[in-house]
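The exercises below are meant to be worked through with the sequence and the model side by side. Try each task before reading its solution.

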Amino acid sequence: QDAAKWEVPALRWADLSDGDRGVSILTDYKHGFDATPSQLSLTLLKAPIWPDPGCDRGLQTFSYAIYPHAHGWQQAKTVQAARSFNLPIQACLDCSATSPTPGPTAASWLDLGDHSLVLAALKPSEDQADRYILRVYESTGTSSTLALGGTLPIDILSPVDLLERPYDITPPATVSPWQVVSFALAPRP
């Protein structure tokens, strides 16, 4: 029972690294991990009797991946790998088009400019039909610079709070370690 007390929750991933190399476990559903200096464990079933006596009983389905890497989890982009594992890209084909339009073979709709920045949301504004809200967070514990790019024709108007109220005139270029920031965006004319 004492050993079970040291399990900790971790959403999407956990890592064991020594600076030169490491291994991450990526998961889509199970979030209980424990670690020692030489072992990383993922709890698959717990079956507690309290507070829900039916918890973890019956057929269980989940996915996990083992992600070995060089260096630390920050350089290995474990956060992005875990996010891609949980939210895979799904292709949608428009079969109604009669003739395909030639275009680039690869492009990015939205580029945040720094790999440590993670897109948390891109959504229509709650109050203004011609505005969008971009929410990002810094994922590696380092200062980052937001440099919006990509093929979407949008511009940053101002930083906003969680209620989408502007709170500054000029958008900050630097995102602090672990900081969550939101911006109002507008389509380019």
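**Exercise 1.** Leaving aside its neighbours within four places in sequence, which residues is Asp20 in contact with?

*Solution.* Before starting, note that this is a predicted model, in which local features need pLDDT of at least 70 and side-chain atom pairs count only at pLDDT 80 or more, while totals for chains, interfaces and linings use all residues. Residues are numbered from 1 along each chain as its sequence is written, and side-chain values use heavy atoms, with hydrogens and water left out.

Step one is to locate Asp20, which is found in the loop between β2 and β3; helices (H or I, at least four residues) and strands (E, at least two) are DSSP runs, numbered from the N terminus. Step two is to list its contacts, where contact means heavy atoms within 4.5 Å: once neighbours within four places are set aside, Asp20 touches Ala70 and His71. Step three is to compare sequence with space, since Asp20 and His71 are 51 residues apart in sequence and yet 4.3 Å apart in space, C-alpha to C-alpha. Finally, Asp20 counts as exposed at 56% relative accessibility, where buried means under 20% relative accessible area, exposed over 50%, and partly exposed in between (1.4 Å probe, protein chains only).

**Exercise 2.** Determine which residues of helix α1 are buried, and what they pack against.

*Solution.* Begin with the helix itself, residues 78–86, whose buried residues are Thr78, Val79, Ala81 and Ala82. These residues cover an arc of only 165° around the axis, which puts them on the same side of α1; the arc is that of the directions from the helix axis to the C-beta atoms. As background, an α-helix has 3.6 residues a turn, so residues three or four places apart point the same way. The last step is to find the partners: the buried residues of α1 pack against the strands β2 (13–17), β3 (21–27), β6 (64–70), β7 (117–124) and β8 (132–138).

**Exercise 3.** Describe the aromatic pair formed by Trp13 and Trp73, and say which parts it ties together.

*Solution.* Rings of Phe, Tyr and Trp (its six-membered ring) pair if their centres lie within 6.5 Å, and planes under 30 degrees apart count as stacked, over 60 as edge-to-face and the rest as tilted. The structure holds two aromatic pairs, and in one of them Trp13 and Trp73 lie 5.0 Å apart, centre to centre, with 40° between the planes, a tilted arrangement. Trp13 lies in strand β2 and Trp73 in the loop between β6 and α1, so the pair ties together parts that are 60 residues apart in sequence. Trp73 counts as buried, at 18% relative accessibility.

**Exercise 4.** Examine the backbone and contacts of the loop between β5 and β6, and then find a residue with positive phi in another loop.

*Solution.* In this loop, which follows β5 (39–43), Pro48 is found; Pro48 is partly exposed, with a relative accessible area of 27%, and, not counting residues up to four places away in sequence, it touches Pro53, Cys55 and Arg57. Pro51 is found in the loop between β5 and β6 as well, and a cis peptide bond, with omega about 5°, joins Trp50 to Pro51. Asp56, also placed in that loop, has a positive phi of about 60° although it is not a glycine. For the other loop, turn to Trp178, between β11 (174–175) and β12 (180–187), where phi is near 65°, a positive value in a residue other than glycine. Trp178 counts as exposed, at 54% relative accessibility.
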